[in-house]
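Here are a few short exercises to work through with the model open beside you. Try each task before reading its solution.

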Amino acid sequence: MASSREFVEFAADQLREAGIITWRRMFGEYGWYCDGKFLGVICDNQLFVKTTPETREAFPQVPLVPPYEGANEYFLVEDLEERELLTRLVRATWEALPEPLPRKKRRKKDGI
């Protein structure tokens, strides 16, 4: 089941205290970003946050599950109403992840 746009907007609103939240459609679901870093996915109307060694240690109470078959484990945020926990988790993850690599400029083809 694909995630609804309404759920994506609700999740982004719940995450607003963590930073600037954006999302992009990916493979029939959504990838989401905080302040320009890819931090997770929304699949089947569920919010998943990337894990790092630091966040796994700091948030042992948050369940780890793959968002889809064959994926790495992500934190599954079961209660989006817990904004304080959600904000702390997202900010800790954001700080632990490296800066995104700059995008390569596309070369224009001759004659186009």
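**Exercise 1.** In which sense do strand S3 and strand S4 pair, and over how many bridges?

Before solving, note that this is a predicted model, where local features need pLDDT of at least 70, side-chain atom pairs count only at pLDDT 80 or more, and totals for chains, interfaces and linings use all residues. Residues are numbered from 1 along each chain as its sequence is written, and side-chain values use heavy atoms, leaving out hydrogens and water.

*Solution.* Start with the strands: S3 covers residues 37-43 and S4 residues 46-49 (strands are DSSP runs of E, at least two residues, and helices of H or I, at least four, numbered from the N terminus). They pair in the antiparallel sense over 4 bridges; pairing takes at least two DSSP bridges. Next, look at partners: Val41 bridges to Phe48 in S4, and Cys43 stands opposite Gln46. Finally, the turn: this hairpin has 2 residues between its strands, and Asp44 there has a positive phi of about 50 degrees.

**Exercise 2.** Place S3 and S4 in the whole sheet.

*Solution.* Read off the order, S1-S2-S3-S4-S6-S5, in an open, antiparallel sheet of 6 strands. Now check the edges: S1 (21-26) and S5 (64-65) each have a single partner strand, so one side of each has no neighbour in the sheet.

**Exercise 3.** How many of the residues of S3 are buried?

*Solution.* Count those under 20% relative accessible area (exposed is over 50%, partly exposed in between; 1.4 Å probe, protein chains only). You get 6 of 7, so to speak a mostly covered strand.
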